[in-house]
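The exercises below concern a two-chain model and are each followed by a worked solution. Try each task on the structure before reading on.

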Amino acid sequence: MLVPLSWLKEYVDINIGVDELEEKLFSCGFEVEEKYEVGRDISKVVVGLVKECEPIPDTHLHLCKVDAGEAGILQICCGADNVKAGGRYPLALIGATVYATAKDHKTVEGVMTIGQGKLRGYDSYGMLCSGVEIGLTEDLYEGAGYNGLLVLPEDAEVGADVKPITGLDDWIFDIAITANRPDCQSIFGIAREVAAVLGSTLHEPALDYTETEVKKDGFKVVVDAPDICPRYIGHYVYDVKIAKSPAWMRRRLALIGQTPISNLVDITNYILNELGQPMHAFDYAYLEGDMINVRRAKEGEKIVTLDEKELTLNGNNLVICDKVKPVALAGIMGGLNSEILDSTNEVLFEAAKFMRDNIRKSSRALGKSSDSSARYSKGVDEYTTVMAMKRALHLIEELNCGKVSSTHVDCNTGNSIGPAELKVSVNRVNAVLGITVPTDDIIRILTGLNFEPVLNGDELTLRIPAYREDMESYQDVAEEVIRMYGYDHIKGTFMPTAQVTPGGYNLEQRTQLKIKRALCAQGASEGVHYSFFSPASFDLIRLPEDADERKAIKIMNPINEDLSLMRTTLAPQMIQAMQRNQKKGILSGRIFEIGNIFVPKSLPLSEYPDELETVCIGCFGENEDFFSAKGLVEAIADTLNIRFDYEACEKSFLHPYRTARILCDGEEVGYVGQVKYEIIDELDMRVDSFVAQVSLYKLVKYYGKEQTFKPLPKFPEEKRDLCFVMNKKVTCAQIEKAIYDSCEYVTDVSLFDVYEGMQLGLDKKSMAFSVVYTPGGEELKADKIDEFVAELLKELKEKYDVVLRS
Amino acid sequence: MADLNELSEKLGGIKAEIKEELSKLETSKSVFEYKKAIFDSKAGKVGSLMREMGKIPNEMKAEYGKRVNELKNWAQEKFDEMDAKFKAEEMRLKYESEKIDVTMPGQVRKQGFLHPNTLVRNRIVDIFGSMGFEIFEGTEIETDYYNFTALNTPDDHPARDMQDTFYLSDKFLLRTQTSAGQIHVMEKEQPPIKIISPGKVFRSDDDATHSPMFSQMEGLVVDKGITLCDLKGMLDEFVQKIFGEGVSTRLRPSYFPFTEPSVEVDVSCFQCHGKGCKLCKGTGWIEVLGAGVVNKKVLEGCGIDSDVYSGFAFGIGIERIAMLKYGINNIKHLFESDLRVLEQIRE
C-alpha cells in the first residue's frame with residue numbers, strides 16, 4: 001500500500017527521518033517494500049528570478065539574466081512562451097538532473113543532466129524548467145500542467161531548492177500489510193500504528209457535519225442478506241455541484257497513483273485510502289422506487305459495471321439493487337446505470353460492511369477486482385464503516401459540493417462498534433515470550449494502542465477497539481507487547497523445561513537414504529520431478545486406454561494441462577529428463593528419483609489415496625545396455641540384502657526383447673528395460689536409453705532385515721568352471737536355478753562367458769558358469785564334487801538338453 | 001682320456017667355444033637357451049662331461065671332477081654375467097617402451113550425487129535429530145481440514161489467499177504447507193512433541209522465482225513452559241550449524257494464522273557478515289524462515305491442554321536454503337534433472 005509521508009503526517013506528528021521511520025515500521029511488523037522521494041530524479045534545481053529578458057532576433061528564444069541566489073546571475077537561453085522579467089521559475093543549474101521530454105513537451109523520456117549549452121551562438125548556463133521537466137503534473141502542483149515554464153510563487157526565495165516549495169521533497173512508502181491487520185490497509189490505520197510506536201499523539205480526521213432539514217421521504221433500505229451484509233448505511237445528499245476537487249485532495253490522490261475525477265467520486269476514493277472503507281455514490285436520479293435492496297443476485301441476472309462490461313450473476317453474488325434492478329455489484333464495482341455524471345445533482349452515499357469471503361469468492365469467480373474488492377476481501381470493520389460515512393459527509397461540506405440531508409438509514413445486525421473487554425494475565429503474556437517485560441512498559445504499549453489497560457494484581461483488563469478484530473487472547477496481547485517492546489529483547493534459551501526425546505531418521509527414512517547412496521555409488525545422480533504431470537505422459541509411454549495407471553487424480557485448478565494429473569508412474573518424467581539432457585548434448589548419464597505415485601481408492605476422491613514410494617532409474621549412452629541398467633536395479637537388492645529374480649516380459653514403452661519383470665519372493669516389484677526406438681525417435685533422443693522402476697513400498701517389509709553371522713566353513717571352498725552348450729531358448733536363470741537345486745552345497749553360481757557361433761550351430765549357444773561348493777560339517781573331496789557335477793549334468797541333459805562343451 | 005694335458009686341452013676348447021658363442025648372443029633368452037644346451041646332461045658340452053667319469057682312469061677321477069666343476073662354475077658365472085647384462089638392457093628397453101604421460105587424467109569410477117534438496121534435508125535432519133527431533137513425513141495429498149481449518153485458517157480467512165491452492169476435490173487438495181503434518185502428530189501424540197516434517201508442497205505459482213512444487217521442513221515443539229526465547233535459542237543454534245559460526249538471527253513481526261506471535265526470521269548475511277552485499281540486497285540480513293508460538297486454538301483443536309503446554313513451530317524452505325547455500329540462481333534448475341546441475345553440487 002502506498003503511503004505519502006505528508007498525508008501520514010496529517011494524523012500523527014513524525015519528528016524522525018525517513019530511514020528511522022522505515023525501521024520503526026519494520027520493527028512493529030510493517031515491512032516497507034520500497035520508499036522513494038517524489039522528486040528522486042531531480043537535483044540542483046533552484047528558484048530563479050528573471051532579471052532581464054530580451055528576445056533573440058529571428059527566433060522564438062529569449063536571452064535572460066537569471067538571479068540564482070548563491071549561484072550568481074546566470075545567462076540562460078529560454079524557448080518558453082511565458083518567460084518574462086520579474087518571473088520566478090525552476091532553474092536547473094549546470095550538473096542538475098531533470099526529466100527529458102519528447103517533442104510534445106509532455107512525455108517523459110528519461111533523466112538528463114544539464115550541461116553548459118550554446119543556442120544560436122549564445123551561451124546558456126542552465127535551463128529554466130516546466131512542471132513536467134521536474135516531475136510535476138497539474139494534480140501534483142497547480143500550474144504544473146502548463147506547456148511552458150512552471151511559475152513559482154512570488155514569495156519563493158531566490159536560489160532556494162525548488163523541492164520543498166513544490167512538494168518534491170515528499171516521500172512515498174510502499175508498505176506490506178499482513179493478512180491479520182485489515183485495519184491497517186489505510187493511511188489512517190498506519191498512522192495509528194506510527195503513533196503507538198513513536199508514542200506520539202494521533203489526530204483523528206474531522207468527522208463533523210450538519211444535517212439540513214431536507215428529507216427524502218419514503219426512502220428505505222431493505223437488506224435481504226444480512227449474513228453477508230451485516231451493515232449498510234445510506235445517506236442522501238442533494239444540491240450536488242460536480243466540480244474539480246481542491247488541489248490538496250487531487251495532490252494526495254495523485255501521489256498514490258490515482259487519477260482525480262470529480263469532487264464526489266474523489267471523496268469516495270479518498271476515504272477508501274484514508275480510512276480503508278470502500279464507499280460508493282449512486283446518482284439518486286437513476287435509482288427507481290426510492291429504495292435500496294441488498295440481496296443475492298438471481299440466477300442469470302445481468303449487470304453492466306462502470307467499466308462497461310456486462311456480467312452474468314448467480315446466487316453467490318451479492319448485489320445492491322433499487323426497486324427494480326441491480327445498480328452495483330456489492331463491494332466490487334458500481335453499475336453503469338447509476339454512475340456519477342457531471343449532471344448529477346442528488347446522490348446516495350453508501351458505506352457498508354460485506355463479508356470478506358463472499359466478496360473474495362465473487363471477485364474471483366467473476367474475474368473482476370478493484371481497490372474496493374481488495375479491501376473487502378481482507379476484511380472491513382463496522383467501526384470504520386460508521387466513521388467513513390461521517391467523514392464523507394464532512395468532506396461534502398468541506399468541499400462545498402452538496403448539502404447533507406437528514407435522510408440517514410442504518411441497517412445493522414446489532415454488532416457492537418464499542419470496545420470489547422479482554423482480560424489477560426500479565427504472567428501468561430510473559431510466559432509466551434519467555435522474558436519479563438516491565439509492567440510499566442506493558443501499560444505504556446497497550447495505552448499507545450488504545451487498549452485502555454487497567455491493571456489489578458496480575459490481571460490486566462483491556463478495552464479492545466472494535467477495529468482490532470484480530471485481538472482474541474493473551475497470545476495476541478503478547479504479540480502486541482513484543483512487537484512494540486522490540487524483538488531484540490528476546491534472548492535465546494534452549495528449552496530448559498523440555499523433556500529429553502530421541503530423534504533422527506526412522507528405519508524407513510534411513511533405508512531410503514541408503515538406497516539413494518547406493519545408486520549414487522553406481523554413478524547415478526538424484527533428480528526430483530513434479531508430483532503432477534501431463535495426460536500426454538500416458539500416450540508417451542503408449543499405455544493402453546484401459547490401463548490402471550490412467551486412473552489418475554485430476555487437479556481441479558491446474559496451472560495448465562501439462563501439470564494437471566497426479567502421477568501414477570515415474571517413467572514418463574524420467575524419459576523426458578533423459579531427453580532434456582540429450583538435447584543439451586549430454587550423451588551419457590544415469591539419473592534416479594525416489595518419489596510417490598498416487599493411486600486413488602476411488603474417483604472422485606472420497607478418502608486419502610495411496611501415496612506409494614517408488615524409485616525410478618534412467619540411464620542412457622553408448623556405455624549402457626540392458627545389463628548395465630539391470631546392474632543399477634541389483635544395487636537396490638544388494639542394499640536391502642534381498643534377491644531379485646527376473647523374467648522376460650512386455651511393457652508398452654519398452655523393447656519387446658529387452659525388458660524384464662523384477663520379482664522378489666515371487667511378487668512383482670518392478671521392471672527394467674530399454675526404451676522403444678519409436679519413443680526415442682519421437683523425442684529426438686540420440687542414444688539408447690533405459691528405464692527401471694521399482695516399487696519400494698512393496699519392499700518395506702524387507703527393510704532392516706536382521707543379519708545373522710554364519711560361522712566360517714572349516715574346510716576350503718571348491719570351485720568348478722563348467723561350460724555348457726544348449727539351445728538358445730534356455731535362459732541363464734533356468735540353468736542357474738538348476739545348478740542351485742542340484743546340490744545343497746552350492747553357494748554361488750556366476751555366469752562368466754557366453755558364446756554363440758557357427759561352430760555350435762545356429763540355434764545353440766554356450767554359457768560358462770563358475771560354481772562354488774561350500775562344505776558343511778565335513779570336507780568335500782574332489783571325487784565327491786565330481787559326483788555332484790555328474791548328477792547336475794544328467795539333470796541338465798534331461799531338463800534342457802544341455803551338454804558339457806567339449 | 002689319456003692324460004691331464006689332453007683334459008686341459010679339451011676343457012680349454014670348450015671354454016673357448018663357450019666364450020666364442022656367448023659373444024654372438026644378444027638376448028637373455030638366447031643366453032638361457034644356450035646355457036640349457038650346454039648344461040644338458042646328455043648332449044650338453046658341459047653337462048655331459050660328468051657322464052664320462054666312468055671312462056676316466058681312477059687315479060685321474062678326482063682331478064677330472066675338480067676340473068669339470070671348475071669349468072661348470074666358470075660357465076655358470078659367465079652365463080649369469082651375460083644374463084644380468086642382457087636383462088638390465090632388456091628391462092631398460094621395456095621400461096622405455098612403457099613410457100607414459102603422467103600428466104594425463106587419472107581414471108575415476110564415476111559417481112552420482114544426491115540432489116541438493118536431499119543434502120540440505122540431511123543436514124537439517126542431522127542438526128535437529130541431535131536435538132531430539134523425530135522426522136514425520138505427512139502425505140502430499142491432504143484434506144482442506146488439515147491444511148487450513150485445523151491450522152486456524154477457516155474458509156473465510158484471508159490468509160487462504162496468501163497461498164494459491166491446487167484442489168483435487170471439495171475436500172482434498174495438494175498441501176500448501178508441511179504445517180499440515182503438525183495436526184496429525186498432535187492428534188496422535190501427547191507432549192512432549194518434537195518433530196520435523198520435511199516434504200513437498202504445492203502452490204499455484206509458476207514463474208522465474210516460483211515453482212509450483214517445492215519443499216518445506218516444518219518443525220514443531222510442544223512441551224511445558226516453551227517460550228519465544230526457546231524458539232530464538234533453537235534457531236540461533238540451527239542457523240550457526242547450517243550457515244556457519246557467527247551467524248545470528250533477527251526476529252521481526254509477521255503473520256501466520258497458526259502461530260501467535262508470528263515472526264519472520266532473518267539471518268545475518270553469511271557472505272558479507274552484515275556489511276551489505278548483492279546476496280542480502282544491501283540490508284545485511286537474509287530472510288530464511290517463518291516461525292512463531294503455536295496458537296492456542298491449534299493446540300486446543302488437537303486436544304492438547306493449552307494451560308499446561310505451549311509450543312513453537314517453524315517452517316523452512318528447503319530450496320531456499322539450497323539456493324542460498326550453493327548459490328543456485330534459478331529454482332527451476334532443481335527440478336529439471338539436468339546432469340550439469342546434479343553433478344555439480346556435492347556433499
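**Exercise 1. A helix on a sheet**

Task: Across which strands does helix H18 of chain A lie, and at what angle does it run to E36(A)?

Solution. The model is predicted. Helix H18 of chain A spans residues 732–742 and lies across E35, E36 and E37 of chain A. Its angle to E36(A) is about 150 degrees. An angle over 145 degrees counts as roughly antiparallel, so H18(A) is roughly antiparallel to E36(A).

Next, place the strands in their sheet. The sheet is open, has 4 strands in the order E36-E37-E35-E38 (chain A), and its pairing is antiparallel. At the edges are strand E36 (746–755) and strand E38 (803–804) of chain A, each of which pairs on one side only.

Now take the pair E35 and E37. Strand E35 (residues 718–727) and strand E37 (residues 764–773) of chain A are joined in the antiparallel sense by 10 bridges. In this pair, A:Glu718 faces A:Tyr773 of E37(A).

Last, add the other helix. Helix H19 of chain A (residues 782–800) lies across E35, E37 and E38 of chain A and runs at about 20 degrees to E35(A).

**Exercise 2. Two helices crossing**

Task: At roughly what angle do the axes of helix H10 and helix H12 of chain A cross, and which residues make the contact?

Solution. Helix H10 covers residues 426–433 and helix H12 residues 474–485 of chain A; their axes come within 9 Å and cross at roughly 70 degrees. H10(A) is therefore roughly perpendicular to H12(A). The crossing is right-handed.

From H10(A), the contact uses A:Arg428, A:Val429, A:Val432 and A:Leu433. From H12(A), it uses A:Tyr474, A:Gln475, A:Val477, A:Ala478, A:Val481 and A:Ile482. By class, these residues of the H10(A)–H12(A) contact are 8 nonpolar, 1 polar and 1 charged.

**Exercise 3. From domains to chains**

Task: How far apart are the C-alpha centres of domain 1 and domain 4 of chain A, and how many residues does each give to their contact?

Solution. Begin with the bounds. In chain A, domain 1 is made of 2–38 + 171–198, and domain 4 is 420–486. The C-alpha centres of these two domains of chain A are 22 Å apart. Domain 1 of chain A gives 9 residues to the contact and domain 4 of chain A gives 8 residues. On the side of domain 1 of chain A, the largest share, 3 residues, belongs to helix H4 (residues 187–198) of chain A. That side has 4 nonpolar, 3 polar and 2 charged residues.

Chain B has domain 1 (4–97) and domain 2 (116–342), and the C-alpha centres of these two domains of chain B lie 90 Å apart.

Between the chains, 80 residues of chain A are in contact with 72 residues of chain B. On the side of chain A, H12(A) gives the most, with 6 residues. The residues of that side are 38 nonpolar, 28 polar and 14 charged.

**Exercise 4. A strand with two partners**

Task: How many bridges does E3(A) form with E4(A), and which residue stands opposite A:Cys53?

Solution. E3(A) pairs with strand E4 (residues 62–67) of chain A over 6 bridges in the antiparallel sense. A:Cys53 stands opposite A:Cys64 of E4(A). The two strands E3(A) and E4(A) form a hairpin with 6 residues between them, and A:Asp58 in the turn has a positive phi of about 60 degrees.

The other partner is strand E6 (residues 88–101) of chain A, joined antiparallel to strand E3 (residues 43–55) of chain A by 6 bridges. Here A:Gly48 is opposite A:Tyr89 in E6(A).

Conventions:
Residues are numbered from 1 along each chain as its sequence is written. Chains are lettered from A and ligands numbered from 1 in the order in which they are written. This is a predicted model: local features need pLDDT of at least 70, side-chain atom pairs count only at pLDDT 80 or more; totals for chains, interfaces and linings use all residues. Axes are lines fitted to C-alpha atoms, for helices over the stretch in contact, and angles run from 0 to 180 degrees between N-to-C directions. Angles under 35 degrees count as roughly parallel, over 145 as roughly antiparallel, 65 to 115 as roughly perpendicular and the rest as oblique. A crossing is left-handed if the near helix is turned anticlockwise from the far one by less than a right angle, and right-handed if clockwise. Two residues are in contact if their C-beta atoms, placed from the backbone, lie within 7 Å. Ala, Val, Leu, Ile, Met, Phe, Trp, Tyr, Cys and Pro count as nonpolar, Asp, Glu, Lys and Arg as charged, and the others, Gly among them, as polar. Two strands pair if DSSP finds at least two bridges between them. Domain bounds come from an automatic or database domain assignment.
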